[in-house]
Amino acid sequence: MIRAQACGRIVAATERGSPMAAMAYDLKGRTALVTGGASGIGLALVLQLARGGARVAINHLGTDPRGAEQVGALRGQGLDVIGAPGDVGDAADCERMVTTA
């Protein structure tokens, strides 16, 4: 098991049968906007933040159905997540995503 100490508390966890360490933070009252949050590393970050108590806005392209699917699935788990579709290359979309979050 990995032993390290930073701002959070170390929690033992396993993934695919191998031990790993995960940081646990109290993020209640905080909000995060995660770009690319519908899959891969972005989705993993969404899970960590939401499990820590943050409200998380998941950014995804409006044409990508995974965004709405993930929002529904995570809300079904009791996590405080919302969708924030948009293109991060478009300034107006970015402003709207931040306002939504």
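**Two faces of helix α2 and the contacts around it**

On one side of α2, P65, A68, E69 and G76 are exposed. The opposite side of this helix tells the complementary story: G67, V71 and L74 are buried. These three buried residues cover an arc of only 75 degrees around the axis, so they sit on the same side of α2. As general background, an α-helix has 3.6 residues a turn, so residues three or four places apart point the same way. The buried residues of α2 pack against α1 (40-51), β4 and β5. With 12 residues, α2 reaches 17 Å from its first C-alpha to its last, close to the 16 Å expected at 1.5 Å a residue. Just after the helix, G78 takes a positive phi of about 85 degrees.

It helps to place α2 in the chain as a whole. The structure is a predicted model, with an average pLDDT of 83 over the chain and 77% of the residues scoring at least 70. Some caution is due at the start of the chain, where pLDDT stays under 50 over residues 1-7; for this stretch the model has 8 contacts beyond four places in sequence. The chain contains 3 helices and 5 strands, which follow the pattern β-β-β-α-β-α-β-α along the sequence. Of the 101 residues in the chain, 31% are buried. Among contacts between residues at least 6 apart in sequence, 47% join residues at least 24 apart.

The inward side of α2 leads to the nonpolar interior. In soluble globular proteins, nonpolar side chains tend to be buried together. Here the largest nonpolar core has 15 residues, and those with the most contacts inside it are V46, L49, V56, I58, L74, L79 and V81. Two or more residues of this core come from each of β3 (31-34), α1, β4 and α2. The largest share, 5 residues, is given by α1. From α2, L74 offers a good view of how this packing is built: leaving aside its neighbours within four places in sequence, L74 is in contact with L43, V46, L47, I58, L79 and V81.

Charged side chains add a second kind of link. Side chains of opposite charge can pair when their charged atoms come close. The model contains 4 salt bridges, three of which are described here. One of them joins R55 and D80, whose closest N and O atoms are 3.6 Å apart. R55 lies in strand β4 (residues 55-58) and D80 in the loop between α2 (65-76) and β5 (81-83), so this pair ties together parts that are 25 residues apart in sequence. Both ends of the bridge are partly exposed, R55 with a relative accessible area of 31% and D80 with 37%.

A further salt bridge brings together the side chains of D64 and R66, at 2.8 Å from N to O. Its two ends differ in accessibility: D64 counts as buried at 18%, whereas R66 is partly exposed at 40%. In the case of D93 and R96, the closest N and O atoms of the salt bridge are 3.3 Å apart. This pair belongs to helix α3 (residues 91-100), where D93 and R96 are 3 residues apart and so separated by about one helical turn. R96 is partly exposed, with a relative accessible area of 37%.

Two loop residues complete the picture. N59 lies in the loop between β4 and α2 and, at 4% relative accessibility, counts as buried. Not counting residues up to four places away in sequence, N59 touches L33, V34, T35, G36, G37, A38, A84, P85, G86, V88 and M97. One of these partners, V88, has its place in the loop between β5 and α3. V88 is partly exposed, with a relative accessible area of 49%. With residues up to four places away again left out, V88 touches T35, N59, C94 and M97. The C-alpha atoms of V88 and H60 are separated by 8.9 Å, although these residues are 28 apart along the chain.

Conventions
Residues are numbered from 1 along each chain as its sequence is written. This is a predicted model: local features need pLDDT of at least 70, side-chain atom pairs count only at pLDDT 80 or more; totals for chains, interfaces and linings use all residues. Side-chain values use heavy atoms; hydrogens and water are left out. Helices (H or I, at least four residues) and strands (E, at least two) are DSSP runs, numbered from the N terminus. Buried means under 20% relative accessible area, exposed over 50%, partly exposed in between (1.4 Å probe, protein chains only). pLDDT is the predictor's confidence in each residue, from 0 to 100. Contact means heavy atoms within 4.5 Å. The expected span of a helix is 1.5 Å times one less than its number of residues. The arc is that of the directions from the helix axis to the C-beta atoms. A nonpolar core is a set of buried Ala, Val, Leu, Ile, Met, Phe, Trp, Tyr and Cys residues joined through side-chain atoms within 4.5 Å.
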